[in-house]
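Welcome, and thanks for taking a look at this one. Below is a short tour of the model, moving from a few individual residues out to the whole chain and its main pocket.

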Amino acid sequence: MKIATFNVNSINKRYELVQKWINSNSIDIICLQELKTTKEFSLLNECFISNQKQFNGVATCSIFPIQASKTLYPARAIYTKINNIHIINIYAILGDLYSEKFEKKLNFYNQIIKFISKFDLTKEKLILLGDFNIIHKNIDVFDANQWEGHVTFLPEEREIMNQLLSLGLYDSYRELYPNKKEFSFFEYRDKKFERGLRLDYILVTKPILSKIENIYIDINPRHLSTPSDHTPVVMDINDR
DNA sequence: ATGGCTAAGATACTTAGA
């Protein structure tokens with residue numbers, strides 16, 4: 001079973017690209033961020049969506065029935081239960097440097113942590129994925145020295161990621177590939193793909209981690225015409 | 001070192017992204 005996270009930066013602009021990418025990669029569950037519209041759309045068999053006009057917006061779409069669903073934070077965080085797996089899809093607030101928005105970002109994560117803490121993370125199958133707008137470690141940024149002091153890479157943000165992992169979540173990509181320096185985001189202005197960031201993560205509990213067959217960041221969509229500035233992360237798990 | 005781009009919404013410029 002393949003589950004993916006993809007910040008599409010407008011589903012209006014990217015609908016065909018996303019649809020084709022889902023088909024060519026045989027994706028079963030896709031978690032989208034930055035829909036940027038309230039316009040209706042459908043992908044796979046069914047979607048659970050929380051959106052708003054112009055900004056933000058998240059959707060989880062699946063070929064399997066969505067057994068339960070809940071909005072945790074409007075247009076930014078949704079919970080779905082699919083194949084008895086708890087899936088939390090987030091588009092974290094970016095925040096400005098130590099501003100009111102930064103406080104909101106910390107508060108956003110506190111709400112997420114509070115929600116996932118209700119689950120027994122040693123036993124439950126749970127996936128927390130999406131655009132975290134956090135760079136965890138030096139290897140997750142093109143140049144740690146150059147990016148120091150920038151929002152996404154502040155000590156408080158890196159500590160949030162530490163906190164999530166201390167709860168019993170694992171960074172699936174990093175668990176499988178401790179030394180790979182690949183990124184899920186490049187600014188549009190960075191035409192040479194020299195200044196990448198890893199902002200999109202798939203965190204999983206141990207019962208999921210042990211079933212991972214493959215995980216990859218697919219850079220290919222980033223090279224298509226009118227791409228998103230993010231590129232998808234895909235996890236293949238053995239669900240037999 | 002700077003500026004470089006893209007998208008949405010309301011109108012040709014602003015806000016936001018990170």
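Let's begin in the loop between β1 (2-7) and α1 (11-25), where Asn 9 is found. Please keep in mind that this is a predicted model. Asn 9 has a relative accessible area of 10%, below the 20% cut-off, so it counts as buried. The backbone deserves a look as well: although Asn 9 is not a glycine, its phi is positive, at about 50°. For context, most residues other than glycine have a negative phi.

Where else does a positive phi turn up in a residue other than glycine? Asn 83 is such a case, with phi near 50°. Asn 83 sits in the loop between β6 (77-82) and β7 (85-91). Its relative accessible area is 30%, which makes Asn 83 partly exposed.

**Four loop residues**

The table sets out loop positions together with accessibility.

| Residue | Loop | Relative accessibility |
|---|---|---|
| Asn 9 | between β1 (2-7) and α1 (11-25) | 10%, buried |
| Ser 26 | between α1 and β2 (29-33) | 47%, partly exposed |
| Pro 65 | between β4 (58-62) and β5 (66-73) | 55%, exposed |
| Asn 83 | between β6 (77-82) and β7 (85-91) | 30%, partly exposed |

Pro 65 counts as exposed because its 55% is over the 50% cut-off. Which residues does Pro 65 touch, once its neighbours within four places in sequence are left aside? They are Glu 46, Lys 81 and Ile 82. Pro 65 and Leu 203 are 138 residues apart in sequence, and their C-alpha atoms lie 22 Å from each other.

Ser 26, in the loop between α1 and β2, gives another pair to check in your viewer. From Ser 26 to Lys 114 the C-alpha to C-alpha distance is 33 Å, with their positions 88 residues apart in sequence.

**A strand residue**

Moving from loops to a strand, Ser 69 belongs to β5. With 39% relative accessibility, Ser 69 is partly exposed. Beyond its neighbours within four places in sequence, Ser 69 is in contact with Phe 48, Tyr 79 and Thr 80. Ser 69 and Lys 81 are 12 residues apart in sequence, and the C-alpha to C-alpha distance for this pair is 6.4 Å.

**The whole chain**

Stepping back, chain A contains six helices and 12 strands. Its radius of gyration of 16 Å is close to the 18 Å that the globule rule gives for 240 residues, so chain A is as compact as a globular protein of that length. The C-alpha trace spans about 45 × 40 × 35 Å along its principal axes.

How much of chain A counts as buried? The share is 55% of its 240 residues. Among contacts in chain A with a separation of 6 or more, 63% are between residues 24 or more positions apart. The accessible surface of chain A amounts to about 11,100 Å², and carbon and sulfur atoms supply 47% of that area.

**The main pocket**

For the last stop, the largest pocket has a volume of about 720 Å³. Its lining is made up of 28 residues. Which of them lie nearest the centre of the pocket? Those are Glu 34, Tyr 91, Leu 94, Asn 133 and Phe 185. Sorted by class, the lining holds 11 charged, 10 nonpolar and seven polar residues.

Notes:
Residues numbered from 1 in each chain as written. Chains lettered and ligands numbered in written order. Predicted model: local features only at pLDDT ≥ 70, side-chain atom pairs only at ≥ 80, totals over all residues. Heavy atoms only, no water. 1 Å grid on protein atoms, 1.4 Å probe; cavity = no way out; pocket = protein on both sides within 12 Å on 5 of 7 lines; lining within 4 Å. Points joined across faces, edges and corners; volume = space filled by probe spheres on them. Nonpolar A, V, L, I, M, F, W, Y, C, P; charged D, E, K, R; others polar. Helix = DSSP H or I, 4+ residues; strand = E, 2+ residues; numbered from the N terminus. Rg over C-alpha atoms; globule rule 2.2 N^0.38 Å. Buried < 20%, exposed > 50% of the residue type's maximum accessible area, 1.4 Å probe, protein only. Contact = heavy atoms within 4.5 Å. Areas by Shrake-Rupley, 256 points an atom, 1.4 Å probe, with all protein chains shown as cover.
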